[in-house]
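Please consider the following structure with attention to its charged side-chain pairs and its sheet. The questions are intended for a reader at the bench.

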Amino acid sequence: MRRRAKRYGGIALALLAAAAGWFYFSGGFDRWRDEKSVADACDGTVAVDEVRALLGTDDVSGTTRHMALGKTAGGKDRDGSGPPVMCWLDGPGGFEQRAVVKMEWRSQAWGPHIESGRDSSSFTAMVPVPIGAGWSGMENLGGDGAKATVVLDCRNTDGPRAGDSLTLFVHSWGSRPYKEAAQRVRLARFATRTAQAAAREYGCDARFGGRVRQVGPLEYGRSKYGEAPPLAKAGGTCAGIKPGWVITRAHETAAGRAPVEDCMLIDDKGQALFRLSSYYGTFADDQRKKTQTGRELSSAKPLQTDFLVRAEAACPGSPRQAVFVADYRDYDHDPEPRRGYAREALRQFAERSAARHGCTDVKVF
């Protein structure tokens, strides 16, 4: 009896070993490892089904990196507050088919303009497109792909996240072209689902938006200036601004609640002379700390830039301000910018933008 039991036990072990070997050499172990790496990516906040849809493949792997000191063995801060964290999500093409996620707290932000793919000092910066559906978020082109940014204000009244906000950045490329409306929606859904999970994971009591169903076209803008529609018919970010001086047309996006908004004012020759911009939350903080030359300033000092005109507004929540600026491009045909027109245009732009964001008391300087 004992011999039979030993024989059967040996057979069972042999079968288990054979099954394990088959699982390993057939690729099953690699698939299991990759699936786990994606499920664990960015502290388990990645929306796995959404990243597969974004990259166009079920064969996805993930790598996570915590970038701050003072972490526990599991990677989080000792107080459980989470980011900054970054993860890479790769399809079969590796670097050629990738989504990169980075998160940071507004209280610890170092360069949201850079992370979102927007150069704050570039007049020709691509106009960001709001993702809508009640989210404070935007998309814009970035390199060979596109970038999405989602900002969640924390409603916490105590603890490490009181008065803070969580910003999530996604850069994705190499899957499907972002000229396709469906791919822009995939990027927005992945960003918003991941941001929602991250807020819950890290203890940020935020208000979420709904399911994104459409995102407007992403464009660099410059090639569209000559075809821009009349300013008088503007219904998006340029709505309410009156034509004047030589300004007759506008390049704009849909009006929403993007953390950065632009309106390009164009003359009758198809040249963009003014860029009106609004900055909220972490982007307003960043804009106040930098000049167009990149010189760092103390956050306690007033806004110092070489913009033509600036404005500010008071926003709800923790003490904060929105920043609005009018930038001017000199094409040598008229070296003196029309400050009076720019000032009035910025006022009209800022008041409408502030109202969408629940901000008040717009002051033009």
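The questions and answers below treat salt bridges, then the sheet and a helix that packs on it.

This is a predicted model, in which local features need pLDDT of at least 70 and side-chain atom pairs count only at pLDDT 80 or more, while totals for chains, interfaces and linings use all residues. Residues are numbered from 1 along each chain as its sequence is written, and side-chain values use heavy atoms, with hydrogens and water left out.

Q: How many salt bridges does the structure hold?
A: A salt bridge is a side-chain nitrogen of Lys or Arg within 4 Å of a carboxyl oxygen of Asp or Glu. Side chains of opposite charge can pair when their charged atoms come close. The number of salt bridges in the structure is 13.

Q: How many residues apart in sequence are the parts that the pair R155 and D205 ties together?
A: R155 and D205 form a salt bridge, with their closest N and O atoms 3.1 Å apart. R155 belongs to the loop between β6 (145-153) and β7 (165-173), whereas D205 belongs to the loop between α6 (181-201) and β8 (247-252); helices (H or I, at least four residues) and strands (E, at least two) are DSSP runs, numbered from the N terminus. The pair therefore ties together parts whose separation in sequence is 50 residues.

Q: Are D164 and R161 buried or exposed?
A: The side chains of D164 and R161 meet in a salt bridge at 2.9 Å, N to O. Buried means under 20% relative accessible area, exposed over 50%, and partly exposed in between (1.4 Å probe, protein chains only). Both D164 and R161 are buried.

Q: In which helix do R347 and E344 lie?
A: These side chains meet in a salt bridge of 2.2 Å, N to O. R347 is partly exposed at 29%, and E344 is partly exposed at 33%. Being three residues apart, R347 and E344 are separated by about one turn of helix α8 (residues 339-356).

Q: Which strands stand at the edges of the open sheet?
A: Seven strands form this sheet in the order β1-β2-β3-β7-β6-β5-β4, with antiparallel pairing; two strands pair if DSSP finds at least two bridges between them. Each edge strand has a single partner, so one side of each is left without a neighbour in the sheet; these strands are β1 (61-66) and β4 (129-130).

Q: What angle does the direction of helix α4 make with that of β3?
A: Helix α4 (residues 48-55) packs on the sheet, touching β2 (85-91), β3 (94-105) and β7; contact means heavy atoms within 4.5 Å. Axes are lines fitted to C-alpha atoms, for helices over the stretch in contact, and angles run from 0 to 180 degrees between N-to-C directions. The angle is about 140 degrees.
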